[in-house]
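Here is a set of short exercises on reading a protein structure. Try each task yourself, then compare your steps with the worked solution.

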Amino acid sequence: MATVAAVTPPAKRRRTDGGKDIAIIEGLPDHVSEICLSLVCRPSLLAAVCTRWRRLVYSPEFPPFSSLYALFVDSNSDPARVNPAIRFMCFDPVSSKWDPLPPPPPDPPLHRILYRHPSYISFNFPIQCVSAAGKLVLIAASNREFSPAISHPLIFDPVSSTWTSGPPLESPRRWCATGACGGVVYVASGLGSQFSPIVARSIEKLDLTDHNRSNWQKLREMRDSRFSREAIDAVGWRRKLLMVNVKGDAIKEGAIYDVVNDDWEAMPEEMAAGWRGPVAAMEEETLYSVDERNGTVRIYNEEERVWREVTVVEGGEEMLKGAQQVTAFAGKLCVVNVDGSIVVVDVMAEPAKIWTVENPEGLEPVSVHVLPRMSRPDILHFRKI
């Protein structure tokens with residue numbers, strides 16, 4: 001312990017019980033205990049030991065664990081008459097419960113965002129969110145006049161548990177391509193209030209790692225306007241953005257944007273052929289797809305330009321049929337299905353394990369994202385201040 005003592009930080013006050021100090025781990029300085037416990041990969045195990053450790057898990061001194069964030073809509077509203085309310089929630093894996101996010105700023109008003117319309121009962125209007133630089137960004141949607149509902153993004157920071165308004169978009173849009181790469185948010189193509197070839201070929205970015213975040217920056221135009229047909233994900237992968245213009249089994253056209261060289265290139269046909277459902281990149285390095293028709297999970301081999309099936313547990317593919325959106329993090333895929341279920345796939349296991357996350361009562365998910373856990377002021381700091 002001599003080496004540790006040599007780099008010991010100034011003494012920290014411990015929580016006391018009747019004037020007696022209580023150590024996190026008996027016999028160890030608290031800062032050493034924090035380092036030891038931070039190496040446990042499942043914070044829920046620590047939280048189950050004692051109240052002191054549970055408070056530690058939520059304290060600023062402990063590395064924030066990952067949590068599932070979701071955009072939900074009210075599932076009890078009548079789609080023929082009522083546009084459902086929008087809610088943002090966070091699933092805490094330690095407590096296994098959903099917590100609401102704080103209310104976002106009043107502009108833009110969330111109640112004006114269109115998800116269902118009585119004239120389009122079988123169609124849900126897209127609401128597009130991305131996660132970048134540890135933040136959740138609401139970036140594109142339609143309003144009841146079928147115009148862009150969002151003129152500037154709403155940005156949620158889990159660490160401070162606060163919303164901020166981002167700078168206004170150069171061209172507010174809907175039914176566009178949205179994604180992130182290296183902490184930068186990108187918006188491409190889409191529609192304004194009406195179709196415009198200028199908007200349909202444009203792309204702009206907002207760097208969330210730049211704390212000034214003064215303005216969106218216009219980038220090199222797309223080669224055509226074929227990516228304005230529907231809302232699509234721009235998947236960040238190896239310093240590039242991957243886009244495919246339509247979903248399902250329709251004939252597809254893919255494009256690749258090089259975020260370093262600000263240039264466009266065609267997507268190999270073999271790569272585009274794997275877009276049979278939602279696609280996500282694990283740590284922006286490894287591509288996974290979920291076939292919305294049969295629930296098959298595939299991984300992309302760049303050298304061979306082929307998608308290979310991932311073996312899942314028996315019955316797992318049935319649980320993944322109807323996949324609509326997917327996010328990838330820490331060896332797991334989180335999938336939103338058309339039936340309103342949230343399914344988690346552990347692709348590191350052989351075969352891949354699958355389980356579901358129960359939705360909050362009366363809500364159905366639109367999209368899911370993985371971010372650091374939200375700050376919890378309701379849980380007391382584990383040290384006495």
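The exercises below go from the whole chain to single residues of this predicted model.

**Exercise 1: The chain as a whole**

Task: Find out how many helices and strands the chain has, and decide whether its radius of gyration agrees with that of a compact globule.

Solution:
- Step 1. Start with the elements: there are 7 helices and 28 strands in the chain.
- Step 2. Look at the expected value. For 385 residues, a compact globule would have a radius of gyration near 21 Å.
- Step 3. Compare it with the model. The chain has 23 Å, so the two values agree.
- Step 4. Add the extents: the C-alpha trace spans about 70 × 50 × 45 Å along its principal axes.
- Step 5. Turn to burial and contacts. Of the 385 residues, 52% count as buried. Among contacts with a separation of 6 or more, 54% are between residues 24 or more positions apart.
- Step 6. Finish with the surface. The chain exposes about 18,800 Å², and carbon and sulfur atoms supply 51% of this area.

**Exercise 2: Charges**

Task: State how many positive and negative charges the chain has, and how far apart their mean positions are.

Solution:
- Step 1. Count each kind: the chain has 43 positive and 48 negative charges.
- Step 2. Take the mean position of each group; these two points are 5 Å apart.

**Exercise 3: Cysteines and disulfides**

Task: How many disulfides does a search of the whole structure find? Explain why cysteine 50 has no bond to cysteine 36.

Solution:
- Step 1. The search of the whole structure gives 0 disulfides.
- Step 2. Recall the cut-off: two cysteine sulfur atoms must be within 2.5 Å to count as a disulfide.
- Step 3. Apply it to cysteine 50. The closest cysteine sulfur is in cysteine 36, and because it is 15 Å away, it is too far for a bond.
- Step 4. Repeat this for cysteine 334, which is in no disulfide: its nearest cysteine sulfur belongs to cysteine 90, 12 Å away.
- Step 5. Check the surroundings. Cysteine 50 is partly exposed, with a relative accessible area of 31%, whereas cysteine 334 is buried at 8%.

**Exercise 4: Unusual backbone angles**

Task: Which peptide bonds, one before proline 108 and one before proline 351, are cis, and where do these prolines lie? Then look at phi of phenylalanine 146 and glutamate 283.

Solution:
- Step 1. Keep the background in mind: most residues other than glycine have a negative phi, and most peptide bonds are trans.
- Step 2. The bond from aspartate 107 to proline 108 is cis, with omega near 5°. Proline 108 sits in the loop between strand S5 (97–100) and strand S6 (113–114).
- Step 3. Glutamate 350 and proline 351 are also joined by a cis peptide bond, with omega about -5°. Here the proline is in the loop between strand S26 (342–346) and strand S27 (353–357).
- Step 4. Phenylalanine 146 is not a glycine, yet its phi is positive, near 60°. It lies in the loop between strand S9 (142–143) and strand S10 (154–157), and counts as partly exposed at 27% relative accessibility.
- Step 5. Glutamate 283 has a positive phi of about 55°. Its loop runs between strand S20 (279–282) and strand S21 (286–290), and with 47% relative accessibility this glutamate is partly exposed.

**Exercise 5: Three residues and their surroundings**

Task: Is leucine 37 buried or exposed? Do the same check for threonine 327 and arginine 42.

Solution:
- Step 1. Use the cut-off: a residue under 20% relative accessible area is buried.
- Step 2. Leucine 37, in helix H2 (residues 30–38), has 6% relative accessibility and so counts as buried. Beyond four places in sequence, leucine 37 touches Ile24, Ile25, Leu46, Trp53, Leu56 and Phe62.
- Step 3. Threonine 327 belongs to strand S24 (residues 323–329) and is buried at 12%. Its contacts beyond four places in sequence include Ala280, Cys334 and Val370.
- Step 4. Arginine 42 is in the loop between H2 and helix H3 (43–47); at 48% relative accessibility it is partly exposed.
- Step 5. Compare sequence and space. Arginine 42 and phenylalanine 65 are 23 residues apart along the chain, with their C-alpha atoms separated by 8.6 Å. For leucine 37 and valine 57, 20 residues apart, the C-alpha separation is 9.0 Å.

Key:
Residues numbered from 1 in each chain as written. Predicted model: local features only at pLDDT ≥ 70, side-chain atom pairs only at ≥ 80, totals over all residues. Heavy atoms only, no water. Buried < 20%, exposed > 50% of the residue type's maximum accessible area, 1.4 Å probe, protein only. Helix = DSSP H or I, 4+ residues; strand = E, 2+ residues; numbered from the N terminus. Rg over C-alpha atoms; globule rule 2.2 N^0.38 Å. Contact = heavy atoms within 4.5 Å. Areas by Shrake-Rupley, 256 points an atom, 1.4 Å probe, with all protein chains shown as cover. Lys, Arg positive; Asp, Glu negative; His and termini not counted. Charge placed at Lys NZ, Arg CZ, Asp CG, Glu CD.
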